[in-house]
Amino acid sequence: MNQFTRLSDVKDPAALIKRGLELKANPFTSNVGERKVLGLLFLNPSLRTRLSTQKAAMNLGMQVMVMNMNSEGWKLEMNDGTVMKGDAQEHIKDAIRVISEYVDVIGIRTFPGLKDRSADYDEAVLSAVLKYATVPVISLESAIRHPLQSLADMITINELGIQKPKVVLSWAPHPRALPQAVSNSFLEWVKVIDAEIILACPKGYELADEFIQGVPVVHDQLEAFENADIIYGKNWSSYHHYGEILPVQEDWTIDGSKMKVTNHARFMHCLPVRRNVVVSDDVLDNQSIIYQQAGNRTWAAQAVLESILDQL
Amino acid sequence: MNQFTRLSDVKDPAALIKRGLELKANPFTSNVGERKVLGLLFLNPSLRTRLSTQKAAMNLGMQVMVMNMNSEGWKLEMNDGTVMKGDAQEHIKDAIRVISEYVDVIGIRTFPGLKDRSADYDEAVLSAVLKYATVPVISLESAIRHPLQSLADMITINELGIQKPKVVLSWAPHPRALPQAVSNSFLEWVKVIDAEIILACPKGYELADEFIQGVPVVHDQLEAFENADIIYGKNWSSYHHYGEILPVQEDWTIDGSKMKVTNHARFMHCLPVRRNVVVSDDVLDNQSIIYQQAGNRTWAAQAVLESILDQL
Amino acid sequence: MNQFTRLSDVKDPAALIKRGLELKANPFTSNVGERKVLGLLFLNPSLRTRLSTQKAAMNLGMQVMVMNMNSEGWKLEMNDGTVMKGDAQEHIKDAIRVISEYVDVIGIRTFPGLKDRSADYDEAVLSAVLKYATVPVISLESAIRHPLQSLADMITINELGIQKPKVVLSWAPHPRALPQAVSNSFLEWVKVIDAEIILACPKGYELADEFIQGVPVVHDQLEAFENADIIYGKNWSSYHHYGEILPVQEDWTIDGSKMKVTNHARFMHCLPVRRNVVVSDDVLDNQSIIYQQAGNRTWAAQAVLESILDQL
């Protein structure tokens, strides 16, 4: 693998999921990362992604350098040809090309602006990174995808051992406008495992066509939940009224009473989660596999890093 | 040892002090930390604690991941059952449980709010961390205790080799309201070595009963200093008028003239210290062992980490 | 070498340049850094310096601890004798002396205030660091010098293999008042290689006498560029009207038309660079060796660290 930014970068996703599970059983099987440096570049805060990717790299013998551009660096210019008289002190072209001199693999986290849909859905920032990096790039979440999360999600679902589970990706409320990345990516990846997938969301919250193609969309949350084996809760802002929080009449918070219509479903969420807004305490504390899911971030990252290091 | 948050977590404090001194003489005797990860989580800034604990861990072969929640992460919800519609993006329950997935030992620094005495003295935040962590926890200072500092202090006093020294913990002025943690902890730990301890402070600055039980409290600084072998200077805000800075008539800054009534006492302070407010330049530069004390933070942390790793 | 803060700290600069090139060819020849810790202390943001120095240290087997004083620490008091009732929580004397307890080598980045020329040109902060540190100190840029940059620059010029190249250090515009450190240091170091050096700048932008001694100063940019082999672009604020941005009538932005009068010169810059303000896109993208130059920061730092570790 030469880069890891979306499903199509992966030749054999099923093998990658399997490799993640193997690494979970035996984390220290390979020293392929020795004398290699992973540079983690955050344009946005991160906890799970930072720690799990760092741990994955160390398990492989890599050294890790973390750079938080906001608190430790400076503003980057994203557009070409600009006369840089403003706030931005360095062009992303130069920053990424230079960082490539110091590291063997770049991991980068960016977020969508949620203003300009075309820019976000063209992955403007990530595309620039890919264009200018001279070393392999791993997305630690981009404007519209979060593939390390999705790979960990597939590993987690695989561990449940349910034969063709019914999986519901359900929108849930949140006080802020959030990216669609986790949800897009989940729909992209869930197709590689043997599962039935349904998207449950209020009208106006349908995701982009490229991601919901072939996915039944249900606007009645309870109807969608019926007999489900897995409920994946997540908030996102509207794609069609881009970046907006639309008024929703019904209560979409996921709670124990709603979970009753499922087939004793397990609740999944990528975290961080706002308790009793997205989902109630009782569901999180009694029916969720959120910590197993978070733990699997390490093995997802380690499988990806290993596959990339194998090519160096 | 399964956790290190207060004296009572330590079965044999004298042995731990002795082990610290042994590690100072031979830092690289053990590789018990190999393939183990220490996660250092700071809810408040730190210099000595961060660097000394990181170094201690590396001496044992551990890997270290540092997370500054304020600049690199987000606000944590501390209360149970909250409908999380406010600033906090993640519950401490979830953050700590998830971090436990990525590290073998958690070190965490928190500070008291200095508003709600019950919450602070119940160690609300540290208790939550201990409740939710599934790996051993080391306090890097909590609301009311700073045990790594106190262990280093005991190692330092031990190194002086004075037979039953007279030790005075003296309050000193400071422009801000500071925690009582270092002082509480010092009184807790000094009892395990063979010393005479006196607390010197202005009226109203007496520490909590649980810490000054059996400790003579003197309100005349010079009287307390007489014949002392060690002066431990420190500011703290009032416990009885909780978190307040009370007006003090006398000058409590520790200076050379006051040190004259002592038995050529050595001056100690946990640092950072405000020079010429808490204590004068001449005392710090000529009669103090503050750097030796700071250096011993490494050996305190290494002894603690080693003892915890031995149990894994 | 016991410290690295300016050219005069280096006994044999030519040998150090040569060693940098050797390390570039064979980065992992030495494990002299094993069980040694490098502490990197930033009072100002950094990208290249942080990552390249960290990588250099890791190549030698060192452990690295990074401390960003602004976001992770607190304000340091720089003056002696102050009654520290203000913002500063710790005196630089104590911070540096304490950090010396935890690390084997200190790397520190400071910037000039650009208000008080005497303080800046006396290297007030760096001098304090050198005075109080009990371990070797490496400057990661100080008020008036940036020797790691200059060493990398000499390595880069050496790699070009041009017989006695004509080198022009040219001032260029910038919206902010910048330090003179990179330019001062470049003039200091360029004298150790066999080159012809010219300083091109608008009137009022002449650098300090100690740095331009023996260097022809030309106020006509095109005249200076004629037949040049290397154009080193850089902005700096005025030395004579200290820290000011003076009005400049002519256009000093370096572009392709100006480069035409050179001898197919290569363009150099320390980065970060404001594109189309300091220098045009076409020069950066077609005639520059800025990435090679940035990459050489690693080998400069590694040669310096190795030489210092050899003395420990």
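Which residue forms a salt bridge with R145(C)? In this predicted model, the partner is E210(C), and the closest N and O atoms of the two sit 3.8 Å apart. R145(C) belongs to the loop between β7 and α7 (147–160) of chain C, while E210(C) is part of helix α9 (residues 209–212), so the pair ties together parts of the chain that are 65 residues apart in sequence. The two ends are not equally covered: R145(C) is buried, with a relative accessible area of 3%, whereas E210(C) comes out at 45% and counts as partly exposed.

Chain A has a salt bridge between E210(A) and R145(A), with 3.7 Å between the closest N and O atoms. Here E210(A) is in helix α9 (residues 209–212) and R145(A) is in the loop between β7 (137–139) and α7 (147–160), so this pair, too, bridges 65 residues of sequence. R145(A) is buried at 3% relative accessibility, and E210(A) is partly exposed at 45%. In chain B, R145(B) meets the side chain of E123(B) in a salt bridge (3.9 Å, N to O). That link spans 22 residues, from the loop between β7 (137–139) and α7 (147–160) of chain B to the loop between α5 (117–121) and α6 (124–132). Both R145(B), at 3%, and E123(B), at 8%, count as buried.

Over all chains, the salt bridges add up to 45. Some of the charged residues are joined into a network that takes in K93(A) and D94(A) along with R275(C), D281(C) and D285(C).

As for how the copies are arranged, a turn of 120° with a shift of 0.0 Å along the axis lays chain A on chain B, at an RMSD of 0.0 Å. The two copies are thus related as by a three-fold rotation axis. Only 3% of the interface residues of chain A are also interface residues in chain B, so the copies meet through different surfaces.

Turning to the fold of chain C, five strands make up an open sheet in the order β1-β7-β6-β2-β3, with parallel pairing. Its edges are β1 (3–4) and β3 (63–68), each of which pairs on one side only. Three bridges join β6 (residues 105–109) to β7 (residues 137–139), and I106(C) stands opposite V137(C). Helix α6 (residues 124–132) packs on this sheet, touching β1, β6 and β7, and its direction makes about 165° with that of β7(C).

Back in chain A, E306(A) sits in helix α13 (residues 290–311) and is buried at 8% relative accessibility. Its side chain makes a polar contact of 2.7 Å with that of R19(A). Beyond its sequence neighbours within four places, E306(A) also touches residues including L23(A), V32(A) and L60(A).

Key
Residues are numbered from 1 along each chain as its sequence is written. Chains are lettered from A and ligands numbered from 1 in the order in which they are written. This is a predicted model: local features need pLDDT of at least 70, side-chain atom pairs count only at pLDDT 80 or more; totals for chains, interfaces and linings use all residues. Side-chain values use heavy atoms; hydrogens and water are left out. Copies are superposed by least squares on the C-alpha atoms of residues with pLDDT of at least 70 in both. Contact means heavy atoms within 4.5 Å. Two strands pair if DSSP finds at least two bridges between them. Helices (H or I, at least four residues) and strands (E, at least two) are DSSP runs, numbered from the N terminus. Axes are lines fitted to C-alpha atoms, for helices over the stretch in contact, and angles run from 0 to 180 degrees between N-to-C directions. Buried means under 20% relative accessible area, exposed over 50%, partly exposed in between (1.4 Å probe, protein chains only). A polar contact is a pair of N or O atoms within 3.5 Å; within protein, one must be able to donate a hydrogen and the other to accept it, and residues adjacent in sequence count only if both atoms are side-chain atoms. A salt bridge is a side-chain nitrogen of Lys or Arg within 4 Å of a carboxyl oxygen of Asp or Glu.
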